[in-house]
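Here's a short set of exercises to work through with the model open in your viewer. Try each task before you read its solution.

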Amino acid sequence: MPFKKDTGFSLNKLAKVYNTADLGSSIGRQGVSDTKAAAEGGILFVDGGNYYHIFKTSGTLVFPEAWDDTTECHYLVVGGGGPNGPTSIGDMTGGGGGGGVSVGSNARFFSNNTYAVDMTHPAVSGSNAQNGGTSSLATASDGTITSTGGEWAPRSTGGASGSPQSNAGGAAYPYTGSPSAITNGGGGGAGGTGTDGGASSGGDGGPGLACPEFPGPVIAPHLDEPVSVRSAWETAVGPTGLFGGGGGGGTFGNSHVAPGGPGGGGNGGSGMEAGVDYTGGGAGGHYPSTTAPDQRAGGKGIVILKYSL
C-alpha cells in the first residue's frame, strides 16, 4: 500500500518511497537532498531546481512540517484514453477519445498533511462499453482536481475526449446500402476534435493538449519504465508536453492507416494501435483484417506535481 504519514515521520530518515501499486518497484528520490522541505510520494526527482512527483498509479503526497504553505505548485492530471469499442457493436469503430487533461500553476498544499492521488486505468472493452479511467489529485487550495477518461469508440463516430475538455469525435463518411469501404471518425483529443472519415480513409484523432510545463525530454528518463516505453512516451509527449490525443478512426474494406492525434493517440485502421501509456491517448479504431485480438486499450493516465523550493 502507498506510504502513509505517521507521528514518527521524519524526512531525514526516509531514503526511498515504495509504492506497491507499481508492482513492488522501488521508487527512488532521484537527485533529491533530504535537507530540503520537499514533499514525499510517487517518483520524485529534481531538474533545473524544479521538483517533480510522478504518479502512474494511486498514491499519496505527504507534506512535512518544514513545507512552506505559500509554495505554488504546477499540476498535471490526465485521465486514461478511451478504448476502441466493445466486440458487441461490430467489426469496425471510430477512434477512442483522449483522456481529459487538467493543468494549472497555483495549487497549494499545507504542511503536516497528506493528499490523495487516485487513478483508474483503461482496459479493453470486451463485450461491454467502458470509457478510459479517471485520475484525480486532492489539493488544499482547489479541492480535488479530476480528469475523466476518454469515451470508448462506437461503430461510426469517434469517442469524445474526457472532461474537462470533452471535445467531440469525428463522424463517419456518409454512406448508403452496403459499400465496399466504410470509414469512421477519429476520436476527440484534449486539444481539439477528431476529424470526420473521408471517402477512403478514417478520420484523424484530435490533438492532445499542450502542457509546456511538463516537457517529455525532461520527464521521460524518470518514468521508471523499460527503454521502449520511455522512448514511446517521450516521442508522443514531445518538448511541448502533449497529452490526451485521440485515436485514429477505423476502416472496413481498405487498408488505410488513420493517424492518431499528437499526444499519444493510437493509429486506426490497418495500423490499429493502443494509446500510448501515461499520455491518456485514445486507441485506434478497428480494422477487421488486423490480427486478433482486434481490441485495443487507451493509454493510461498520469498525475505530475511540479514546484521549486
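Two strands count as paired if DSSP finds at least two bridges between them, and the strands themselves (E, at least two residues) and helices (H or I, at least four) are DSSP runs numbered from the N terminus. Heads up: this is a predicted model, where local features need pLDDT of at least 70, side-chain atom pairs count only at pLDDT 80 or more, and totals for chains, interfaces and linings use all residues. Residues are numbered from 1 along each chain as its sequence is written, and side-chain values use heavy atoms, with hydrogens and water left out.

**Exercise 1. Find the partners of strand S6 (residues 73-78), then work out how enclosed S6 is.**

Step 1: Start with strand S7 (residues 101-107), which runs antiparallel to S6 and is joined to it by five bridges. Here Val77 sits opposite Ser102.

Step 2: Now take strand S17 (residues 302-308), also antiparallel to S6 over five bridges. On this side, Val77 faces Val303.

Step 3: Check burial, where buried means under 20% relative accessible area, exposed over 50%, and partly exposed in between (1.4 Å probe, protein chains only). Five of the six S6 residues are buried, so the strand is largely enclosed by the rest of the structure.

**Exercise 2. Pick out the residues of the largest nonpolar core that touch the most other members.**

Step 1: Set the rule: a nonpolar core is a set of buried Ala, Val, Leu, Ile, Met, Phe, Trp, Tyr and Cys residues joined through side-chain atoms within 4.5 Å.

Step 2: Out of 22 residues, the winners are Phe63, Phe109, Leu137, Leu305 and Tyr307. S6 and S17 are among the elements that give two or more residues to this core.

Step 3: Don't stop there, as a separate second core of 19 residues includes Phe45, Ile54, Cys211 and Trp233.

Step 4: For background, nonpolar side chains in soluble globular proteins tend to be buried together.

**Exercise 3. Count the disulfides, then look up the burial of Cys73 and Cys211.**

Step 1: With a disulfide taken as a pair of cysteine sulfur atoms within 2.5 Å, the count is zero.

Step 2: Cys73 is buried at a relative accessible area of 0%, and Cys211 is buried too, at 2%.

**Exercise 4. Which peptide bond running from Ser163 is cis?**

Step 1: That's the bond to Pro164, with omega near 20 degrees.

Step 2: Pro164 belongs to the loop between strand S10 (144-147) and strand S11 (182-183).
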